[in-house]
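I opened this entry to look up two things: how strands pair in a sheet, and how helices pack. My notes follow in the order I checked them.

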Amino acid sequence: MADESVEAVKRALAEVGYLADEPAALVSFLAQRLGKPILVEGPAGVGKTELAKALSRSTGRPLVRLQCYEGLDEAKAMYEWNYRKQLLRIQAGGDAGWEDVQEDIFGAEFLLTRPLMQAIASEEPVVLLIDEIDKTDQEFEAMLLELLSDFQITIPELGQISATTMPIVILTSNDSRELTEALKRRCLYLWLDYPGVEREIEIVLLHAPEMPRELARRLVEVVGMVRDLDLKKPPSIAESIDWARTLLLMGVDDIDRETFANSMSIIVKHRTDIDLVAERVGMKLPDRAA
Amino acid sequence: MSPASPYGPKADPGPPGFGAKLLGFCEELRGEGVAVGTSEILDAFAALEHVPWTNQADFREALAATIAKSQDDRRVFELIFERYFFRAAEASAIEQGLGERPGDGEINQGAQPAGDGERLDSEQLAELIRDAMQRGDENALRDLARLAIAAFGREEGSGVVGVDVQRIRRSLGLSAGSQPPTADGEERPPLDRDQLTAFERHLRRELERDLIERTETLPASRPLAELDRALPTSPTQDLAAVHRAVSQMKRRLATLGQEQRGRKKGQTVDVRRTMRASLETGGVPMHLRYRPRRPRRPEIYVLCDVSTSVTSASVFFLSVLHALHDSFRKLRSFVFIERISEVTDVFEQERNFAAIARKISSEGGVADVSGYTDYGRVWLEFLTEISEDLDPRSTVIVLGDARTNGREPHADVFARISERAGRLFWLNPEPKLYWNYGDSVMSSYERFCDGTFECWTTRHLENFVDVVAGGTPRSG
């Protein structure tokens, strides 16, 4: 379960198709050892969510995912009483004494568990992914604190529910707002950035193994050029991979101006960006060899 | 290190050992304004139990993951880490009178033909370095850097580290781009700039180490604030304070409007909660529960003057805008000189303050023909651009000096904006004394504002927040 060393974690992640760099592997390793949540920040599309999924696959733990959005509240994130069922219980109970009913209807049976509760109450250890935490408001962050530091949830009617197994918790943030100190304090911090050329080549080749290495290098270099421009939405790693697959389908062996113009829409997805990229990057590419 | 540390006086370093070193390191970080709490230090110690200390990269990353919790912190962390651990080791070496004699250090590079004490020829050395750079083997690079210094550095050193680094690199014939084939005639992939920089970094460090050893003194440790951190100078130091004031403001703006505008009659029954409550009475809904009245999100429009007459203040204002964007989702910001230009996007895309400032100045698109503010025109444009969106819920905040350069102030248009919007505040970067002198037409606008404030420091900003929260705006 818990891997012995940083190298082992890195290897395990690679086996399930995620090439982690040193810091990512180290932090994943520490998170398992120390039982601390990881806060992953970085630009969109560098594989933050993917890291959680890969950890889930490599450790064989099921993934519990909470997608955050504006206005997310605890009824949707933690738990809620199933009042319909409670009502039914009362009506079906008929003559049962008041005491019995009252005892009954606030039992675990009437609890609707939501992702956070699921992660805590799960019999087997899980990986809990709290995605895009920066989309919620600070109040929600505050609510998470108990969960993150003690891995427990307090329900007034039931008392504390503590995790029986230690979940691996991963929070991701696109850095669209500053998270509170209190939250950061409880987490290990990992900044993921776009990978270097060599690593991205490896990633592309891992997901598009039929691609010749030279073409992959060319592709990654072009994507790098595009990322250097000041775009609304720079291409993510997933888009590099998509593009690689597209090129394979198109059966090209070099990226020339025409190929680029035809397939550019896979990596650039904004009207204004497309113009900019066509002008700045497209022009640099060689014309199709006659 | 700042004497008035928020964490109280410096802790007694205790007995010598690594713990004390690490605490000292954290103390340095605090001195540079990184918030390192006790829990973080405990985490760091816990993390180090699981990481081999001999691997420098792991050691550093483990510390960073537990201590530096944002990109900015991380940058400071890197600088201090270099300075602290590197210098600490050197300092104790000097204290104990240790020195490195040539041939002393074991070179742990696999096929290393330097064992016989003969000097490597530079071809061979360059070869090895290229190999190491390609593998990205940091430890080998470090050793090779020392070797290179031994080969080229000592005798003819210029004494300036940066110059020596480049000289050694050149004499080895290393450059980015395509590489000559290996000795065996194999092709070599080209090196990129980063790989080369990695080697240069090692060179630099080893040269510095060398220098310290020779002179037996440590280079002075400059405070980072001067060195690398504060790019746009003064306002960033205030940035944190601005952010604090603004987050206070957020809460108050959000809750304030409701009381003033009276309660609505109708309330919505919350079925879920009513049923839930009815369980106490055996399923008979005796008490109705209502949906909690959530404070409506304020919609904020900020207009910020960035003309030359407010140059010094506009950086401060931009940092206020920056902080506002962190706190409010429904915020639209505009900058203006002669005409108005919406910059909401810029703030949403960029998080880094320096980058924002640069972007706004380069592509804010504030058609700046004469460089003189034209408030009248700005109001007209603002009103045409967003008149449909303005409603009693919206708050408009103007940051500007109301100096129209003798142009038509169009106070009537401003009045229309004031009518449409729920509240309108004006923050003026000039002291009250100067208002209405010269071309300042503050008085003609003041009548239509729910409040006017002088504002050129964070304290003024806090005052603004207080007054707004106190609910005693001067009525116009």
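I began with one bridge: B:F425 has B:G451 in strand 6 of chain B as its bridge partner. The model is predicted, so I kept its pLDDT cut-offs in mind.

**Sheet in chain B**

I then looked at the strands around that bridge. Strand 5 (residues 423–428) and strand 6 of chain B run parallel, and four bridges join them. Next I traced the whole sheet. It is open, has six strands, and follows the order 3-2-1-4-5-6 in chain B with mixed pairing. Which strands stand at the edges? I found strand 3 (340–342) and strand 6 (451–454) of chain B there; each has a single partner strand, so one side of each lacks a neighbour in the sheet. I also checked the twist: on average, neighbouring strands of this sheet are turned by 20 degrees against each other, direction ignored.

I looked for a helix on the sheet. Helix 15 (residues 375–386) of chain B packs on it and touches strand 1 (299–305), strand 2 (331–336) and strand 3 of chain B. The direction of helix 15 makes about 40 degrees with that of strand 3 of chain B.

**Helix pair in chain A**

I moved to helix 10 (residues 197–207) and helix 12 (residues 237–250) of chain A. They pack at about 50 degrees, with axes 9 Å apart. That angle makes helix 10 of chain A oblique to helix 12 of chain A. I noted the crossing of these two helices as right-handed.

Which residues meet? From helix 10 of chain A I listed A:E200, A:I203, A:V204 and A:H207; from helix 12 of chain A, A:I237, A:S240, A:I241 and A:A244. I sorted the residues of this contact into five nonpolar, two polar and one charged.

Notes:
Residues are numbered from 1 along each chain as its sequence is written. Chains are lettered from A and ligands numbered from 1 in the order in which they are written. This is a predicted model: local features need pLDDT of at least 70, side-chain atom pairs count only at pLDDT 80 or more; totals for chains, interfaces and linings use all residues. Axes are lines fitted to C-alpha atoms, for helices over the stretch in contact, and angles run from 0 to 180 degrees between N-to-C directions. Angles under 35 degrees count as roughly parallel, over 145 as roughly antiparallel, 65 to 115 as roughly perpendicular and the rest as oblique. A crossing is left-handed if the near helix is turned anticlockwise from the far one by less than a right angle, and right-handed if clockwise. Two residues are in contact if their C-beta atoms, placed from the backbone, lie within 7 Å. Ala, Val, Leu, Ile, Met, Phe, Trp, Tyr, Cys and Pro count as nonpolar, Asp, Glu, Lys and Arg as charged, and the others, Gly among them, as polar. Two strands pair if DSSP finds at least two bridges between them.
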